[in-house]
Amino acid sequence: MSLSHQQCRDAGKHVCQEPSGKTCIEPGCESPAGTWWGPLWCPDCDQARLDAISAQFEALRGAFR
Ligand SMILES: [Zn+2]
Ligand SMILES: [Zn+2]
């Protein structure tokens, strides 16, 4: 299973931050947004989002095995 933010995991922190000047669009999250993967989510929410997507993808692949 591929994990998102691999460089961040290796570094032990989010090295992906690229401040967009916006606030994270995740409800209830007030963190500054902006990562290599887009300007709308903060690094923590982006990682959770990408992990959820890849988990769904893996589940789909399993269903067709
Ligand atoms: Zn990151
Ligand atoms: Zn967030």
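Helices (H or I, at least four residues) and strands (E, at least two) are DSSP runs, numbered from the N terminus. The model is predicted: local features need pLDDT of at least 70, side-chain atom pairs count only at pLDDT 80 or more, and totals for chains, interfaces and linings use all residues. Residues are numbered from 1 along each chain as its sequence is written, chains are lettered from A and ligands numbered from 1 in the order in which they are written, and side-chain values use heavy atoms, with hydrogens and water left out.

**Exercise 1.** Determine the donors and the geometry of the zinc ion (ligand 1).

*Solution.*
1. Donors are N, O and S atoms within 2.8 Å of the metal (3.2 Å for Na, K and Ca); water is not among the atoms, so sites may look incomplete.
2. His5 (ND1), Cys8 (SG), His14 (ND1) and Cys16 (SG) are the protein donors, at 2.0 to 2.4 Å from the ion.
3. Their spacing in sequence is H-x2-C-x5-H-x1-C.
4. Four donors count as tetrahedral if all angles lie between 85 and 135 degrees. The angles among the 4 donor atoms are 103 to 117 degrees, and the site is tetrahedral.

**Exercise 2.** Describe the surroundings of His5.

*Solution.*
1. His5 is located in the segment before H1.
2. Buried means under 20% relative accessible area, exposed over 50%, partly exposed in between (1.4 Å probe, protein chains only). At 2%, His5 is buried; Cys8, at 4%, is buried as well.
3. Contact means heavy atoms within 4.5 Å. Leaving aside residues up to four places away in sequence, His5 touches His14, Cys16, Trp37, Pro43, Asp46, Gln47 and Leu50.

**Exercise 3.** Analyse the site of the zinc ion (ligand 2) and the placement of its donors.

*Solution.*
1. The protein donors are Cys24 (SG), Cys29 (SG), Cys42 (SG) and Cys45 (SG), lying 2.2 to 2.3 Å from the ion.
2. Because the 4 donor atoms subtend angles of 104 to 115 degrees, the arrangement is tetrahedral.
3. The donor residues follow the spacing C-x4-C-x12-C-x2-C. Cys29, in the loop between helix H1 (6–11) and helix H2 (43–63), and Cys45, in helix H2, are 16 residues apart and link distant parts of the chain.
4. Cys29 has a relative accessible area of 15% and is therefore buried; Cys45 is also buried, at 15%.

**Exercise 4.** Classify the exposure of Trp36.

*Solution.*
1. Trp36 lies in the loop between H1 and H2.
2. Its relative accessible area is 41%, so Trp36 is partly exposed.

Definitions and conventions: Four donors count as tetrahedral if all angles lie between 85 and 135 degrees; four count as square planar and six as octahedral if opposite donors are over 155 degrees apart and all others between 65 and 115; anything else is irregular.
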